[in-house]
Amino acid sequence: MKRIAVIGAGIVGSTAAYYLSKEECQVTVFDHGVGQATKAAAGIISPWFSRRRNKAWYKMARLGADFYPQLVQDLQADGQEVDFYDQSGVIMIKSRLDWLDELYAIAKARKEESPLIGDLKILSREETLERFPDLDGFEKVLYASGAARVEGSKLTKTLLKASGVEVVEGEKVSFTVLESGQYDIQGRIFDRIILAVGAWLPSLLEDHGYDVWVRPQKGQINDYLFENLETGRYPVVMPYGEIDIIPFKHGKLSVGASHENDMGYDLSVDEEILDRQEERAKPYFPKLDEAISRTSRVGIRAYTRDFSPFFGEVPGLQGVYAASGLGSSGLTIGPLIAKQMVQLATDQKTDLDPFEYDIRKHLSKRD
């Protein structure tokens with residue numbers, strides 16, 4: 001029986017632990033619990049409107065969205081609550097109406113290979129307010145019923161609970177290469193390791209002589225709580241710019257997230273940025289002033305030089321697999337990447353071609 005360690009319990013690590021638990025292996029998860037990108041994720045699953053030219057990225061994002069119903073079904077079959085995921089639909093707001101037409105054409109062309117998009121249409125103001133009362137700052141919107149919202153923290157907890165594997169929390173770990181070809185983590189011996197530490201991958205591999213071209217991006221998000229507001233039935237709202245409005249159940253609504261490229265691994269809360277995000281969101285949802293509380297989340301995303309995610313076996317470290325560079329699409333593509341990592345670690349054929357997301361483009365062994 002293979003002994004496999006998973007370092008990191010964010011969206012990639014927790015999904016990997018869940019699917020590894022269904023294989024014939026012994027699994028231990030190590031989680032420092034600090035700065036997970038999942039904590040800064042808005043939780044929007046709606047990749048079909050992207051204008052990015054990177055075809056490999058869009059393929060992964062599209063398939064990542066398609067993978068969610070299977071993940072939900074698998075967890076339901078294991079007796080888990082799946083209220084972390086809801087196909088609430090999405091509303092796109094643009095400053096020019098012709099941009100809505102362009103986005104509609106893009107999504108319509110993609111719908112044949114992505115039927116998950118669902119009902120796709122341009123809505124009038126009256127039709128929009130039927131779906132999201134008190135929304136403002138628009139004449140018309142583009143709507144897709146198949147988009148979803150995900151509560152990342154609830155999803156990762158559900159995955160770890162369903163996996164039943166041992167989770168070692170609260171300490172940052174490293175690994176040692178043994179002469180046997182196995183790996184030592186805190187005195188425990190493992191045959192294989194999955195590195196799911198996101199932006200912290202460079203620090204984990206530097207002691208082993210690797211340069212890793214992954215940079216951190218800080219993200220902060222506001223969470224609001226309302227009384228007597230049925231937010232659970234509202235779709236996600238994506239205005240132009242960085243601000244998104246993500247309603248959840250039980251009067252909860254999130255606004256964000258920031259994209260801070262010059263803050264390194266700083267996890268402090270910046271009230272000025274959070275206030276700025278709130279002010280940008282108010283023209284679309286003035287009821288923010290009626291919230292009974294505002295809290296915040298901070299996390300660190302991982303980006304590569306070409307903004308492409310990657311996964312695969314670390315060159316020169318047999319049986320060590322890593323993924324990073326998910327950026328702001330982490331919740332969309334994280335579970336799918338995790339499934340590929342599990343397939344690699346258990347000697348199965350991957351669903352995606354690893355060469356399209358080649359790890360060797362993003363790290364190298366120093367001489």
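Trainee: At what angle do helix α1 and helix α5 pack?

Mentor: This is a predicted model, where local features need pLDDT of at least 70, side-chain atom pairs count only at pLDDT 80 or more, and totals for chains, interfaces and linings use all residues. Helices here are DSSP runs of H or I with at least four residues, and strands are runs of E with at least two, numbered from the N terminus. Axes are lines fitted to C-alpha atoms over the stretch in contact, and angles between N-to-C directions run from 0 to 180 degrees. For α1 (residues 11-20) and α5 (residues 152-163), the axes are 8 Å apart and the angle is about 25°.

Trainee: Is α1 roughly parallel or roughly antiparallel to α5?

Mentor: Angles under 35 degrees count as roughly parallel, over 145 as roughly antiparallel, 65 to 115 as roughly perpendicular and the rest as oblique. The angle between α1 and α5 is about 25°. That makes the pair roughly parallel.

Trainee: Which residues of α5 make the contact with α1?

Mentor: Contact means heavy atoms within 4.5 Å. Residues are numbered from 1 along each chain as its sequence is written, and side-chain values use heavy atoms, with hydrogens and water left out. From α1 come Ile11, Ser14, Thr15, Ala17 and Tyr18. From α5 come Leu155, Thr156, Leu159, Leu160, Ala162 and Ser163.

Trainee: Which helix gives the largest share of the largest nonpolar core?

Mentor: A nonpolar core is a set of buried Ala, Val, Leu, Ile, Met, Phe, Trp, Tyr and Cys residues joined through side-chain atoms within 4.5 Å. Buried means under 20% relative accessible area, with exposed over 50% and partly exposed in between, using a 1.4 Å probe and protein chains only. The largest core has 74 residues, and Leu155 and Phe311 are among those with the most contacts inside it. Its largest share, 11 residues, comes from helix α2.

Trainee: Which strands stand at the edges of the sheet β10-β11-β12?

Mentor: Strands pair if DSSP finds at least two bridges between them. This open sheet is antiparallel. An edge strand has a single partner, so one side of it is left without a neighbour in the sheet. Those strands are β10 and β12.

Trainee: Which residue in β11 stands opposite Val177?

Mentor: Two bridges join β10 to β11 (residues 183-185). A second, separate core of 29 residues includes Val212, Phe310, Ile359 and the residue you want. Opposite Val177 stands Tyr183.
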